[in-house]
Amino acid sequence: MLDAVGDVFLCSNVTWALLTVLVSLLWWRSTRPLSDVPPGPRPMIPILGNILQLETDPRKQFAKFRRRYGDLFSLYIGNKHIIVLNGFETLKDLLVKSGDKLSNRPEARTLEIVCKYNGIVASSGKLWREQRMTSLALLRKLDFGKQSMEGKIQEESVYLLDAIGKENGNSFDPTAVLGNAASNITCNMIFAQRYDYDNDHFRLILHNISETLKVSGSFAAMNYFPFLEYVPGDFCGLGKLNAFAETFNETILNPMMKYNIDNYDPDNCNSFIALYLKEMYARQDAGEETTLDVENLKQIVNDILGAGTDTTTSTLRWLLLYMATKPEVQEKCYQELQTHVGNGRSPVLTDRDNLIYVQAVITETSRLAAVIPMGAPRRVAEDMWYKGYLLPRNSMIITNLDSVLMDEKIWGDPKVFRPERFISEDGKLIHREELIPFSMGKRKCMAETTAKIEVFLFFSHMIQRFKFTTEPGKPTPEFEPVVGATSAPKAFKICAIPR
Ligand code: HEM
């Protein structure tokens, strides 16, 4: 009996050994780097590819690989061939000059499950073009590049300053208040309303965004190792993610959509949702072939909330961290605000032209912070050649924005916080085309202008009213970021002393 069991074991061991060899050979053949593709580290372990050769911080790892392999290098993870693009020239050539071939998102199970490839962030091709173009036009109609946006931020600044003032100069973590303020600007765009910071719906929106970001790392593993989706115990966080999405949809999104559809009035469209519906009905009534529909609209609401909150919040957090730890820089910003704005009124957008040092500080912070250090992944639409290398169709592209923002050849001392690098000898602001925290080309951030206005106004309001300091008697906060989809400072506390 025992022998029989042993035979079965022996037999199954031999079978397993043979199967393992076969799978490894097949894998080795399928992932053996083609000779024409960009070079890179040789995948060490079957199936896993290069994954164990990577440090947790991709910025540092990719800087090493760039030194070793050059501006284009290949990685193999699971079933994906990834090509990482580094350096300004490469990114400009490939994202701007050959933009059409690299404008699609990769095929990824996560994008399929969460977004169904709808909306703007996850979509590709004709659908992406129509959704992005239409959304940009509608946001412009709402006047969200300019004046009305300014009014909304001025209004929100009052609430932000009030919330900071309530801390009474005691130490606090500014993440929540900054997140509230940034998120209210996107809520204003989409729903034409702001929420009080203690409103339950508002808390749910913010909770949903931060929790989704937290599980997104493990969730993304499914894109490279599809079998992980079937590992029991919510290994990839799919269950959690679905639960967040369901609560958000049931509590906020679906009622909001229903309200807008039931109360639709073509002569009174003051939110993105209402304007999108108007455009959708118009195209449908005219019998046009269109991708505009309610499912895409819902996804765009998620896209704008997701893409617009964490990025702006992280940028503002970096700014406050630098100000609290560099009092001399903060004082110069304050003095400039005193000279050109004073205390009698709030800073406005037209003050930007006079607030050169403030602008240089914001610019330098957005360079060093690189809040989306690796852009968002792309896919090669068709086989293409660049500098003698083949970029095979369907390989995944990572746009290493950090490689430009931290390039020694461009900035000389990229690790040093030096706002003066953006001020010319005659005191003017220097615009450098290499400053690309919003990426480049057709797929660059859809709301660069909006985000810049938001950051400028919130920042100058805060500096005008408060002096930010580190916590007395505590170690200086760390500058090493937490790098995930975004690069944010580690949690820190500061004090805001009223001026
Ligand atoms: C400081 C703040 C921000 C930074 C640094 C930033 C940066 C970026 C970057 C690097 C991308 C990826 C581009 C690519 O695919 O390569 C992106 C995409 C995007 N951003 Fe922003 N962003 C910011 C704020 C915002 C805000 C406030 C909104 C909305 C109100 C927004 C909406 C979007 C959208 C919808 C996309 C997807 C574009 C597409 O796939 O076509 N972003 N952003």
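S439 is partly exposed, with 18 other C-beta atoms within 10 Å; buried would take 20 or more such atoms around its own, exposed 12 or fewer, and partly exposed is what falls in between, with C-beta atoms placed from the backbone. S439 has a positive phi of about 70 degrees although it is not a glycine, and it is found in the loop between α15 (408-411) and α16. Helix names here follow DSSP runs (H or I, at least four residues; strands are E, at least two), numbered from the N terminus.

A quick word on what you're looking at: this is a predicted model, where local features need pLDDT of at least 70, side-chain atom pairs count only at pLDDT 80 or more, and totals for chains, interfaces and linings use all residues. Numbering starts from 1 along each chain as its sequence is written.

D234 is another non-glycine with a positive phi, and G287 takes one too, just after α10. Here they are side by side:

| Residue | Phi | Place |
|---|---|---|
| D234 | about 50 degrees | loop between α8 (200-224) and α9 |
| G287 | about 70 degrees | just after α10 |
| S439 | about 70 degrees | loop between α15 (408-411) and α16 |

D234 is partly exposed as well, with 14 other C-beta atoms within 10 Å.

Now to α10 itself. This helix (residues 272-285) has 14 residues and reaches 20 Å from its first C-alpha to its last, close to the 20 Å expected at 1.5 Å a residue; the expected span is 1.5 Å times one less than the number of residues. F272, I273, A274, L275, Y276 and L277 are buried in α10. The buried residues of this helix pack against α5 (125-141), α7 (175-191), α9 (238-262) and α11.

F272 and I273 turn up again in the largest nonpolar core, where they join F458 and F459 as the residues with the most contacts among its 115. Such a core is a set of buried Ala, Val, Leu, Ile, Met, Phe, Trp, Tyr and Cys residues joined through C-beta atoms within 7 Å. Its largest share, 14 residues, comes from α11. Beyond its neighbours within four places in sequence, F458 is in contact (C-beta atoms within 7 Å) with I153, S157, L160, A181 and L316.

And the ligand? Of the 27 residues around it, A307, G308, T311, C445 and A447 come nearest, with "near" meaning a backbone-placed C-beta atom within 6 Å. α11 (294-325) and α16 (448-465) are the elements that give two or more residues to this shell, and α11 gives the most, with seven.

Notes: Two residues are in contact if their C-beta atoms, placed from the backbone, lie within 7 Å.
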